[in-house]
Amino acid sequence: MAELNIGKHCEIESCKQKDFLPFVCSSCSGVFCLEHRSRDSHSCPEVLVKKEIGSGGSTSYPCSCEDCKGKELLPVICPHCEKHFCLTHRHQDDHKCEKLEIPKPRMAATQELVQKIVESKKNAPPSKGRKGAKNAATAAKVALMKLKMHASGDKGLPQTERTYLQVFLPKEAEDPSLPMFFCSKWSAGKVVDFAASQASLKNNNNVLTAKKLRLCHPETGEAFRMDASLQSLLSNTDCPLHNGGNVILEYLDNESSGLDDVTAYIYSS
């Protein structure tokens with residue numbers, strides 16, 4: 001006679017008690033035992049986000065595009081006209097950049113962009129010290145909590161393995177971006193496949209001659225290796241992704257190593 005598998009284990013790492021009548025938190029959807037069923041006892045993240053949002057104090061950056069009410073928690077600056085924009089209007093043609101030029105050969109344009117980035121870093125204002133770092137940390141925490149409230153993903157993933165990202169989609173997509181969560185153990189290739197399925201995007205990554213959907217860094221525009229794990233991208237000391245941050249999903253040619261000079265914009269810190 002087969003053994004019945006009844007009940008679930010508490011998601012608190014130090015507990016893991018199997019409860020035959022487990023409690024599901026109505027806020028974070030986590031599964032807990034009788035002892036940890038209350039929001040306070042399992043440190044419910046949804047309670048923290050409401051406190052963070054209600055306390056205010058974080059800085060937001062409005063989009064310079066006319067009639068757009070979009071705001072970002074971190075500044076997104078066009079390296080050409082040097083104005084703030086939301087990620088939806090980050091492309092030069094989307095915000096009708098006053099300094100939009102005729103496309104140059106890729107290598108020359110990339111070299112020019114790199115030079116502009118280097119010069120902008122040299123002329124950047126000095127850091128505001130501890131206060132600025134504290135505000136940035138608070139903004140990042142609030143961004144993560146907001147994503148947790150609306151992100152879609154595999155509900156079967158344990159809370160401890162979830163990585164939350166705001167995925168900015170190709171221009172062909174119906175929505176400019178979607179909040180999602182992924183398993184930190186997945187490869188970038190699996191993240192791409194899952195995100196494409198969630199956003200109902202055409203995915204021809206198994207077709208040799210077709211353009212490929214690639215996951216790109218929101219600051220450098222670099223396309224990640226498809227076999228790189230999400231966990232390794234989060235721990236990269238040079239230019240990491242951030243849990244609760246942004247990532248760009250875009251169709252690229254097979255020989256392309258990332259986004260071109262029109263789309264690869266830099267976040268100021």
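## Reading a strand, two cores and some salt bridges

Q: Which residue in β11 stands opposite Val167?
A: Val247 stands opposite Val167. This is a predicted model, and that pair is a good place to start reading.

Q: How many bridges join β8 to β11, and do they run parallel or antiparallel?
A: There are three bridges between β8 and β11, and the two strands run parallel.

Q: How many bridges join β8 to β9, and which way do they run?
A: Seven bridges join this pair, and β8 and β9 run antiparallel. Within the pairing, Leu165 has Met180 of β9 opposite.

Q: How do I read the two faces of a strand? Which residues of β8 point one way, and which the other way?
A: Start with the general idea. Side chains in a regular strand alternate between the two faces of the sheet. Now the case here. Arg162, Tyr164, Gln166 and Phe168 point one way from β8. Thr163, Leu165 and Val167 point the other way.

Q: Is β8 mostly covered or mostly open?
A: Mostly covered. Seven of its seven residues are buried. Buried means a relative accessible area under 20%.

Q: What does Val167 touch, leaving out residues up to four places away in sequence?
A: The list is Pro176, Ser177, Leu178, Met180, Phe182, Val247 and Leu249.

Q: How many residues has the largest nonpolar core, and which have the most contacts inside it?
A: It has 32 residues. Val167, Phe182, Leu201 and Leu249 have the most contacts inside it. At least two core residues come from each of α3 (130–150), β8 (162–168), β9 (177–183), α4 (188–198), β10 (212–216), α5 (230–234) and β11 (246–252).

Q: Which element gives the most to this core?
A: α4 does, with six residues.

Q: What lies apart from it?
A: Another core, of eight residues, which includes Phe168, Cys216, Ile248 and Leu259. Recall the two ways out of β8: Phe168 points one way and Val167 the other.

Q: Which residues form a nonpolar patch on the surface?
A: Ile6, Phe20 and Leu21 form it, with about 360 Å² of accessible area together. Leu21 sits in the loop between β2 (18–19) and β3 (23–24).

Q: Why does Leu21 count as exposed?
A: Exposed means over 50% relative accessible area. Leu21 counts as exposed because its relative accessibility is 68%.

Q: How many salt bridges does the structure hold?
A: Six. Let us read some of them.

Q: Where is Lys83, and where is Glu98?
A: Both lie in the loop between β7 (76–77) and α2 (106–122), so the pair ties together parts that are 15 residues apart in sequence. Their side chains meet in a salt bridge at 3.4 Å, N to O. Lys83 is partly exposed, at 36% relative accessibility, whereas Glu98 is exposed, at 57%.

Q: With which residue does Lys211 form a salt bridge?
A: With Asp253, and the closest N and O atoms are 3.9 Å apart. This pair links distant parts of the chain, 42 residues apart. Lys211 is in the loop between α4 and β10, and Asp253 in the loop between β11 and β12 (266–267). Asp253 is partly exposed, with a relative accessible area of 30%.

Q: How many helices and strands has the chain?
A: Five helices and twelve strands.

Q: What share of the chain do buried residues make up?
A: Of the 269 residues, 38% are buried. As for the outside, the accessible surface comes to about 16600 Å², and 52% of it belongs to carbon and sulfur atoms.

Methods:
Residues are numbered from 1 along each chain as its sequence is written. This is a predicted model: local features need pLDDT of at least 70, side-chain atom pairs count only at pLDDT 80 or more; totals for chains, interfaces and linings use all residues. Side-chain values use heavy atoms; hydrogens and water are left out. A nonpolar core is a set of buried Ala, Val, Leu, Ile, Met, Phe, Trp, Tyr and Cys residues joined through side-chain atoms within 4.5 Å. Buried means under 20% relative accessible area, exposed over 50%, partly exposed in between (1.4 Å probe, protein chains only). Helices (H or I, at least four residues) and strands (E, at least two) are DSSP runs, numbered from the N terminus. Contact means heavy atoms within 4.5 Å. Patches are made of residues with over 30% relative accessible area and no salt bridge: like charges are joined within 9 Å, nonpolar side chains (Val, Leu, Ile, Met, Phe, Trp, Tyr) within 5 Å. Accessible areas come from the Shrake-Rupley method with a 1.4 Å probe; for residues, only the protein chains shown count as cover. A salt bridge is a side-chain nitrogen of Lys or Arg within 4 Å of a carboxyl oxygen of Asp or Glu. Two strands pair if DSSP finds at least two bridges between them.
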